[in-house]
Structure formats: C-alpha cells, structure tokens
Amino acid sequence: MFLLTCCCREWENLSQVDVRRMHTAMRLNEVIMKKSKEAKLVLLNMPGPPKNRVGNENYMEFLEVLTEGLNRVLLVRGGGREVITIYS
C-alpha cells in the first residue's frame, strides 16, 4: 500500500485513512492547478463533512489542501433536494 511521505508535522498524527484522503486532496489539487491555473474563479463541489465527529478535526485541513494555491475558489454544496416552482 502506498503511503504519502509528507514533510508536514501536522500529518504525523493522522490515521492511515486520513493520510490517504490528504493524498487524494493533494493529487486533485495538482490536477485543478494544471487545468485551471489561469482561471479567475474555480468552482468546486464541496465534499461533505464527515458523518461522525471523529473526522471533524481534519475536515478543514482537507479543504485547505484541496484549494491550496488557487486564487479564488467557490465551494458549492447542495442540500440534496431539488426545488421545483410553478414557474419551472
């Protein structure tokens, strides 16, 4: 199994699952930077927070890694319900 070798001291206490999530965020950030480096605004679907409270402390760090180096980012999170009006 591949584990990220990281120089960040904050990551030393992360579980193996959290390290994989951070590695995924880093790789996704690299792709976004490659494809959208010159973009004025980057729109991203905001990953949902952890369902249990155990992973809450790493959620903001995950979002920071995901958006690192991007000039302007708008994280969009839906409520999971469609709204239909009479005008639709």
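**Questions on a two-helix, two-strand chain**

Student: How far apart are the end C-alpha atoms of helix H1 (residues 16-36), and why does that distance agree with what its 21 residues should span?

Tutor: The expected span of a helix is 1.5 Å times one less than its number of residues, and because helix H1 has 21 residues, it should span 30 Å. Helices (H or I, at least four residues) and strands (E, at least two) are DSSP runs, numbered from the N terminus. The end C-alpha atoms of H1 agree with the expectation, being separated by 30 Å.

Student: In what order do the elements of the protein chain run from the N terminus on?

Tutor: This is a predicted model, in which local features need pLDDT of at least 70 and side-chain atom pairs count only at pLDDT 80 or more, while totals for chains, interfaces and linings use all residues. Residues are numbered from 1 along each chain as its sequence is written, and side-chain values use heavy atoms, with hydrogens and water left out. The protein chain has 2 helices and 2 strands, and from the N terminus on the order is α-β-α-β.

Student: Is asparagine 29 buried or exposed, and which backbone oxygen does its side chain reach?

Tutor: Asparagine 29 has its place in helix H1, and because its relative accessibility is 10%, it counts as buried (buried means under 20% relative accessible area, exposed over 50%, partly exposed in between, with a 1.4 Å probe and protein chains only). Not counting residues up to four places away in sequence, asparagine 29 touches Val65, Leu66, Thr67, Glu68 and Leu70, where contact means heavy atoms within 4.5 Å. At 2.8 Å, its side chain reaches the backbone oxygen of leucine 66.

Student: What distance separates the C-alpha atoms of threonine 67 and asparagine 29?

Tutor: Threonine 67 is found in helix H2, and beyond four places in sequence it touches Asn29, Leu44, Val73 and Leu75. Along the chain, threonine 67 and asparagine 29 are 38 residues apart, yet their C-alpha atoms are separated by 6.4 Å.

Student: How far is valine 42 from leucine 70 in space, C-alpha to C-alpha?

Tutor: Valine 42 lies in strand E1 (residues 42-45) and is buried, because its relative accessible area is 8%. Leaving aside residues up to four places away in sequence, valine 42 touches Ile32, Ser36, Leu70, Arg72, Val73 and Leu74. Although valine 42 and leucine 70 are 28 residues apart in sequence, their distance in space is 7.8 Å.

Student: Is asparagine 71 buried or exposed?

Tutor: Asparagine 71 lies in the loop between helix H2 (56-67) and E2, and in space it is 8.3 Å from alanine 39, C-alpha to C-alpha, with their positions 32 residues apart in sequence. Because its relative accessible area is 66%, asparagine 71 is exposed.

Student: Which residues make the nonpolar surface patch of about 360 Å²?

Tutor: Valine 76 is in strand E2 (residues 73-76), and because its relative accessibility is 42%, it counts as partly exposed. Patches are made of residues with over 30% relative accessible area and no salt bridge, like charges being joined within 9 Å and nonpolar side chains (Val, Leu, Ile, Met, Phe, Trp, Tyr) within 5 Å; a salt bridge is a side-chain nitrogen of Lys or Arg within 4 Å of a carboxyl oxygen of Asp or Glu. Accessible areas come from the Shrake-Rupley method with a 1.4 Å probe, and for residues only the protein chains shown count as cover. The patch is made by Leu41, Leu43, Leu74 and Val76.

Methods
A polar contact is a pair of N or O atoms within 3.5 Å; within protein, one must be able to donate a hydrogen and the other to accept it, and residues adjacent in sequence count only if both atoms are side-chain atoms.
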